[in-house]
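Let's take a walk through this protein, one contact at a time. Keep the 3D view open and turn it as you read.

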Amino acid sequence: MSTEQPAGTASARPVLAELNVGDVVGTRTVDVDRARLVRYAGASGDFNPIHWSDAFAAEVGLPGVIAHGMFTMGAAVALVEDWAGDPGAVVDYQTRFTRPVAVPNPGAATVEVTGTVGAIDADAGTVRVDLTVTFEGARVLGKTQAVVRL
């Protein structure tokens, strides 16, 4: 389940000239449960036991089963895709994995995402959106930036 409050929608694309550095483009929460991890593993082919076995995760020093980093990365950029109104408008995306997202059983981990305009390049027609991605108050992705061509 995901909740969001995007500033733009697929029907109303953002206008470069109306944006300012510091504008919040949207927020989103992503609830990650074990079923979602199983579905992602099947789609991605990443069946590493740290994503499904509590015993194995503990053996390698993790706090429990953790979400796939690429899942977390993809869930975060979805906010920008929705704001831009077109996933193809995202021309660059990068991040650093800084902390795992431990997924309880039963229950879910809640990841919070906020997107803010970090830079505008009027000549190139692009906006850099900086994403803050947190779990339990700590950043799980660092220096997360998406460049969007508007």
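Start with Arg34, which is buried, with a relative accessible area of 15%. Keep in mind as you look around that this is a predicted model. What does the side chain of Arg34 meet in a salt bridge? The partner is Asp54, at 2.9 Å from N to O. Arg34 sits in helix α1 and Asp54 in helix α2 (residues 54-59), so this salt bridge ties together parts that lie 20 residues apart in sequence. Asp54 itself is partly exposed, with a relative accessible area of 37%.

That contact belongs to a set of 4 salt bridges in the structure. Another one joins the side chains of Asp82 and Arg28, at 2.5 Å from N to O. Here, too, distant parts of the chain are linked: Asp82 is in helix α3 and Arg28 in strand β2, 54 residues apart. Arg28 is buried at 6% relative accessible area, while Asp82 is partly exposed at 32%. Then there's Arg128 with Asp130, whose closest N and O atoms are 2.7 Å apart. Arg128 is partly exposed, with a relative accessible area of 26%, and Asp130 is partly exposed as well, at 22%.

Next, look for rings. There is 1 aromatic pair, made by Tyr40 and Phe71 in an edge-to-face arrangement, with 5.6 Å between centres and 70 degrees between the planes. The pair connects helix α1 (residues 34-44), home of Tyr40, to helix α3 (residues 69-84), home of Phe71, across 31 residues of chain. Phe71 counts as buried because its relative accessibility is 12%, under the 20% cut-off. Tyr40, at 22%, is partly exposed.

Now for the inside. The largest nonpolar core has 33 residues, and those touching the most other members are Val32, Val80, Trp83, Val129, Leu131, Val133 and Val148. At least two residues each come from β2 (24-33), α3, β4 (108-121), β5 (126-135) and β6 (138-149). Helix α3 supplies the largest share of this core, with 8 residues.

Finally, is there any empty space to find, and how many cavities of 30 Å³ or more does the count give? The answer is 1, and the largest cavity holds about 40 Å³ of space. Its lining includes Phe71, from the aromatic pair, along with Val32 and Val133. The elements giving two or more residues to that lining are β2, α3 and β4, and α3 gives the most, with 4 residues. By class, the lining has 8 nonpolar residues, 1 polar and no charged ones.

How values were computed: Residues are numbered from 1 along each chain as its sequence is written. This is a predicted model: local features need pLDDT of at least 70, side-chain atom pairs count only at pLDDT 80 or more; totals for chains, interfaces and linings use all residues. Side-chain values use heavy atoms; hydrogens and water are left out. Rings of Phe, Tyr and Trp (its six-membered ring) pair if their centres lie within 6.5 Å; planes under 30 degrees apart count as stacked, over 60 as edge-to-face and the rest as tilted. Buried means under 20% relative accessible area, exposed over 50%, partly exposed in between (1.4 Å probe, protein chains only). A nonpolar core is a set of buried Ala, Val, Leu, Ile, Met, Phe, Trp, Tyr and Cys residues joined through side-chain atoms within 4.5 Å. On a 1 Å grid over the protein atoms alone, a cavity is a set of points where a 1.4 Å probe fits but cannot get out, and a pocket is an open set with protein on both sides within 12 Å along at least five of seven lines; lining residues have an atom within 4 Å of a point. Grid points are joined across faces, edges and corners, and a volume is the space filled by probe spheres set on the points. Ala, Val, Leu, Ile, Met, Phe, Trp, Tyr, Cys and Pro count as nonpolar, Asp, Glu, Lys and Arg as charged, and the others, Gly among them, as polar.
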